[in-house]
Amino acid sequence: MDDALYFSEQHLAVREMVREFARDEVAPVAARCDADATFPWANIKRMGELGLLGVPWPEDLGGAGLDLLSYMIVIEELAKVDASHGLTVSAHTTLGTSPIVHFGNDEQKRRYVPILASGRVMGGFGLTEPDAGSDAGGTRTTAVKKGDRYILNGVKRFITHGHVGEIFVVTAVTNPGQGTKGISSFILTKPTGDPQGAAAAGVGHEPSLPAMRGFRAGKKEDKLGWRASDTAELIMEDVEVPAENRLGEEGLGFKNFMRTLDAGRIGIAALSLGIAEGAFEEARKYTAVRKQFGQPIARFQGVHFQLSDMATEIEAGRHLMFHAAWLAQHGKPFGKEAAMAKLFCSELAMRTTIKALQLHGGYGYTKDYPVERMMRDAKICEIGEGTSEIQRIVIARHLLKEVLD
Ligand code: COS
């Protein structure tokens with residue numbers, strides 16, 4: 001892809017800055033964080049200082065004041081080296097912060113966005129529940145109005161930053177019997193579940209945020225990939241949430257979360273693309289030095305075919321992803337393109353990492369090379385923030401809307 005098609009000088013400068021950070025500070029810790037499933041607090045602090053935890057938010061809300069394309073570049077570049085770092089930025093920004101930026105009132109924005117955008121605390125998004133995954137409207141968490149508060153009860157599952165995070169936007173049913181129109185959303189706060197890690201890095205905890213009684217992290221997931229990213233349950237037991245913490249009107253929680261996911265899908269496409277590009281680069285370098293039958297395996301036609309297919313698909317994925325981001329940035333409809341980019345790039349990440357591992361032969365199956373981690377990291381891209389099947393449903397609805405209407 002010709003950089004000039006989408007990027008300004010500023011985009012290229014952002015890309016250079018993130019590449020340098022990823023090379024110098026992410027690459028050296030990626031394998032260890034994956035092996036130990038440790039949350040990279042030191043790099044969270046560094047990313048906060050570099051403005052990477054609030055890329056698209058206005059400067060007066062503590063953000064970097066950059067555009068959506070810059071944000072996608074950041075995710076892509078981080079994911080080339082380590083998908084967990086890319087996901088941490090993406091989940092914190094799109095899922096944890098954007099609902100407050102887009103649907104919050106002025107008071108809510110001033111209160112929470114600067115703390116999130118600067119990376120002082122981690123944020124998350126509580127939609128998924130044990131019985132409400134693809135069927136996001138099947139929310140069982142309840143919010144019962146009592147005077148000037150709501151009482152929340154329920155469990156959210158697979159929540160990025162559920163354990164380490166402090167600010168969460170969650171959905172709950174306020175008007176039972178009204179289906180998706182009975183779902184509202186709320187801002188909840190709790191202290192980080194890793195006070196030692198946070199204190200050592202000097203970020204991750206904000207004492208002025210209320211510790212809401214009954215709101216806590218539950219089981220921490222032990223995952224196949226994205227292991228340096230934090231995933232946990234959120235448990236709400238008679239949590240008293242002030243009415244002023246309701247995000248948007250009652251009944252708009254589902255629609256607003258669907259809008260959030262539309263944009264989030266471009267982020268997961270960028271993340272997936274980054275994984276594919278990272279794995280491709282590893283394979284390209286490896287085939288040039290690995291000798292068999294007296295010559296580098298990159299001289300064999302079978303290897304040419306693999307590398308060519310990988311590179312061609314990556315090029316297609318870049319166009320899909322940056323086109324969807326460009327549409328969103330220019331205020332044009334982008335739901336279909338975002339779902340297409342997410343579907344294609346996540347499946348591309350899986351195919352590419354499998355091929356990259358195969359090109360490494362037996363070495364690829366060991367932890368001496370990063371491709372096995374990349375392959376494990378790729379799988380969840382086909383599941384998280386809407387499975388490939390959900391993307392196909394969303395795309396088909398766009399395709400058929402006009403004719404069926
Ligand atoms: N933007 C704005 N509004 C949307 C929307 C979107 N992207 N998608 C749906 N809505 C609206 C609909 O227009 C409808 O409102 P009206 O009745 O006023 O028209 C309402 O929301 C309900 O929509 P729908 O009837 O289509 O809901 P469904 O229960 O059929 O669910 C899918 C639709 C399957 C697309 C949705 O549940 C979904 O995206 N599921 C996947 C969830 C997901 O990605 N989870 C990942 C974990 S979160 S990190």
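Let me start with Asp-82, which is buried in this predicted model, with a relative accessible area of 2%. Its side chain meets that of Arg-373 in a salt bridge, at 3.2 Å from N to O. Arg-373 lies in helix H11, residues 371–379, while Asp-82 sits in the loop between helix H3 and helix H4, and so this pair ties together parts that are 291 residues apart in sequence. Arg-373 also counts as buried, at 7% relative accessibility.

A second salt bridge joins the side chains of Glu-206 and Arg-120, at 3.0 Å from N to O. Glu-206 belongs to the loop between helix H6 and strand E6, and Arg-120 to the loop between helix H5 and strand E1, so here the parts tied together are 86 residues apart in sequence. Of these partners, Glu-206 is buried, with a relative accessible area of 11%, whereas Arg-120 is partly exposed, at 40%.

A third pair is Glu-233 and Arg-157, whose side chains meet at 2.8 Å, N to O; Glu-233 is in strand E7 and Arg-157 in strand E3, 76 residues apart. How many salt bridges does a search of the whole structure find? The search finds 29, and salt bridges that share partners join Glu-25, Lys-45, Arg-46 and Glu-49 into one network.

Now to the cysteines, where the count of disulfides comes to zero. Why is Cys-33 without a bond to Cys-381? The sulfur of Cys-381 is the closest cysteine sulfur to that of Cys-33, but it is 18 Å away, and a disulfide needs the two sulfur atoms within 2.5 Å, so the distance is too far for a bond. Cys-381 is in no disulfide either, since its nearest cysteine sulfur, that of Cys-345, is 9.7 Å away.

Methods:
Residues are numbered from 1 along each chain as its sequence is written. This is a predicted model: local features need pLDDT of at least 70, side-chain atom pairs count only at pLDDT 80 or more; totals for chains, interfaces and linings use all residues. Side-chain values use heavy atoms; hydrogens and water are left out. A salt bridge is a side-chain nitrogen of Lys or Arg within 4 Å of a carboxyl oxygen of Asp or Glu. Helices (H or I, at least four residues) and strands (E, at least two) are DSSP runs, numbered from the N terminus. Buried means under 20% relative accessible area, exposed over 50%, partly exposed in between (1.4 Å probe, protein chains only).
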